[in-house]
Amino acid sequence: MLNMKISQIFFTILTLLLFSQFSFPNAFAYIDPGSGSIIIQMIIGALVGVGIAVKVFWFKIKLRLSSTFNKNDSNDQI
Amino acid sequence: MTKFRRERSSFRDTSGFLFFHEKNLYRAINSSYKEEYDYLISSGLYKKLTELHLLISHTEMENLEIDCNYYKIIKPELISFISYPYEWSFSQLKDAALTTLEIQKIAMKYGMTLKDASAFNVQFYNGKPIFIDTLSFEKYNEGQIWKPYRQFCQHFLAPLALMSKKDIRLGFLSKTFIDGIPLDLTAKLLPKTTFGNFGIAAHIHAHSKSQKHYENKDVKIKERTMSKRSFEGLIGNLYSSIKKMSWKYKKTEWGDYYSDTNYTEKSFEEKKKIVLSALDMIKPKNVWDMGANIGVFSRLSSSKGINTISFDIDPLAVEKNYLMCLQNQEQKILPLILDLTNPSPSIGWDNNERMSISQRGPVDAVFALALIHHMAISNNLPFNKLAEFFSKICKFLVIEFISKSDSQVQRLLLTREDIFEDYNQEHFEYEFFKFFKTLKSQKILESGRTIYILEKISSKN
């Protein structure tokens, strides 16, 4: 649940950044009516890619923590 | 050499083309596409996609030669009725979009990607969307972008977002914009609240801004790279964005028609029996049910294994019909949106790329049940025009005449002056019998309605 909230906040901040025009690099453009589509997909792809990495990272931490706590619990029981 | 006729819409793709020979449809694969086609087969992707019924299967033709430069000729499984995105309901377009993305995901696992994501590459076959362009695949090279991204957004995401977030009727814009709805227009039409939806904000609003920003920019690109993780992230995000979309429909004109008719249970069952007897009598190979609503009478035909197209003007009725097809796993019925007073025209290049509804006929049998009064009274269509139209599209016509005294007709006359002097059974018969002969006519008990089973008079007679 917490994981979902963090990812939602993360995506919302990044979406807002997209609209602030900071994210449109001039260096990649070329003469093609589709150049805007190419650049935006690279940006979105990167954002989503990072988002997935954060999710995976968070999931691993959660897994590690829960296994540690579970271990402690089982030790307590013994 | 074999004589052949090119299929009308097959001219843009440089990888090959479709052609007809002796009423069969074939696809010629150009030599330039040899490597990609061979990889599609050898990688196992073709086998996987056809096993999953996501891609149309084909047979390689060894003994067919045509007079042009090609690598191979294949014979794809034939789709009996071609439909277009502007005729699909919300869920049909959504399922077609998800099918395209599902194919893209699977293709990546086999080292390939789609180079084309047009909504016209999807058809409905045995009740489900299926990709029909075998030549839309290419090898995936690490670092490459998703080439059909803009096309996918315009063909699928834009109409789905407009239908879901603004108004279902905006889906009809796809008829005007044959290469998909422009994203700047979509962004303008969408409500501001869609900025809070990551999928729409990114793939439509930001996408449209990016297109505008780089319009006419004279800057050279050094490299176009996108990691595989980003590529897969993009596809995954498009998939989840579309998967989440829904249409929260309100009550429309005909959505609950069957709970709002003047049929008694007995007369409704009687009507069904007459339609079934018509099917037994004429034994059609295919049926078009015009004004089908949610497809009650279409199912009498499809349940007999007859390919049935269930047309209605109301997007909600078609949506309900399609959802019912999915629920019951029906394969022989295809619900589609069609306004009979303005049916799908022939559009595209040279007005000849996408077929009009008439060009997709003729069909063996047409059902026109509880329809004629709407055409004649609500739309001022004279009987002679209706009879002539039906004679062009079918061989057999199962048509219901509803007299002026019927409460449904009276309801139509409530808000308009009764200028329909010719709206009577005698005149109906006079005009229709110029084009058709009667096989059977029967009054429906307790209703004052009559069903005619008509056969087109051959032009030789």
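**Note on chain B: charge pairs, rings and selected sites**

1. B:R354 has a relative accessibility of 13% and therefore counts as buried, the cut-off for buried being under 20%. The model is a predicted one. The side chain of B:R354 meets that of B:E353 in a salt bridge, with N to O at 3.7 Å. B:E353 also counts as buried, at 3% relative accessibility.

2. What does B:S9 touch, leaving aside residues up to four places away in sequence? Its contacts are B:E353 and B:R354, the two residues of the salt bridge just described. B:S9 sits in the loop between β1 (5-6) and β2 (16-21) of chain B. With a relative accessible area of 22%, B:S9 is partly exposed. B:T50 is 41 residues from B:S9 along the chain, and their C-alpha atoms are separated by 24 Å.

3. Over all chains, the structure holds 19 salt bridges. One of them joins the side chains of B:E35 and B:K139 at 3.1 Å, N to O. B:E35 belongs to helix α1 (residues 34-42) of chain B and B:K139 to strand β9, so this pair ties together parts that are 104 residues apart in sequence. B:E35 is exposed, at 55% relative accessibility, and B:K139 is partly exposed, at 27%.

4. A further salt bridge runs between B:E330 and B:R299, whose closest N and O atoms are 2.8 Å apart. This pair also links distant parts of the chain: B:E330 is in the loop between α11 and β12 (333-337), B:R299 is in helix α10 (residues 296-302), and their positions lie 31 residues apart in chain B. Are these two residues buried or exposed? B:E330 is buried, with 16% relative accessible area, and B:R299 counts as buried at 14%. Elsewhere in chain B, a network of salt bridges links B:K271, B:E400, B:D406 and B:R449.

5. Aromatic pairs number 26 over all chains. Among them is B:Y140 with B:F231: the ring centres are 5.1 Å apart and the planes stand at 70°, so the pair is edge-to-face. It links distant parts of the chain, with B:Y140 in the loop between β9 and α4 (149-165) and B:F231 in helix α8 (residues 228-244), 91 residues apart. B:Y140 and B:F231 are buried. One aromatic cluster is formed by B:F383, B:F401, B:Y423, B:F428, B:F432, B:F433, B:F436 and B:Y452.

6. B:T134 is placed in the loop between β8 (128-131) and β9 (137-139) of chain B. B:T134 counts as buried, at 0% relative accessibility. Which residues does B:T134 touch, not counting those up to four places away in sequence? They are B:R27, B:Y33, B:L40, B:L55, B:I56, B:H58 and B:I74.

7. On the surface, B:Y249, B:L323 and B:L326 make a nonpolar patch of about 240 Å². B:L323 lies in helix α11 (residues 315-328) of chain B and is partly exposed, with a relative accessible area of 35%.

8. How many disulfides are there over all chains? The count is zero, with a disulfide taken as a pair of cysteine sulfur atoms within 2.5 Å. As for individual cysteines, B:C153 is buried, at 0% relative accessible area, and B:C325 is buried, at 2%.

Note on methods:
Residues are numbered from 1 along each chain as its sequence is written. Chains are lettered from A and ligands numbered from 1 in the order in which they are written. This is a predicted model: local features need pLDDT of at least 70, side-chain atom pairs count only at pLDDT 80 or more; totals for chains, interfaces and linings use all residues. Side-chain values use heavy atoms; hydrogens and water are left out. Buried means under 20% relative accessible area, exposed over 50%, partly exposed in between (1.4 Å probe, protein chains only). Helices (H or I, at least four residues) and strands (E, at least two) are DSSP runs, numbered from the N terminus. Contact means heavy atoms within 4.5 Å. Patches are made of residues with over 30% relative accessible area and no salt bridge: like charges are joined within 9 Å, nonpolar side chains (Val, Leu, Ile, Met, Phe, Trp, Tyr) within 5 Å. Accessible areas come from the Shrake-Rupley method with a 1.4 Å probe; for residues, only the protein chains shown count as cover. A salt bridge is a side-chain nitrogen of Lys or Arg within 4 Å of a carboxyl oxygen of Asp or Glu. Rings of Phe, Tyr and Trp (its six-membered ring) pair if their centres lie within 6.5 Å; planes under 30 degrees apart count as stacked, over 60 as edge-to-face and the rest as tilted.
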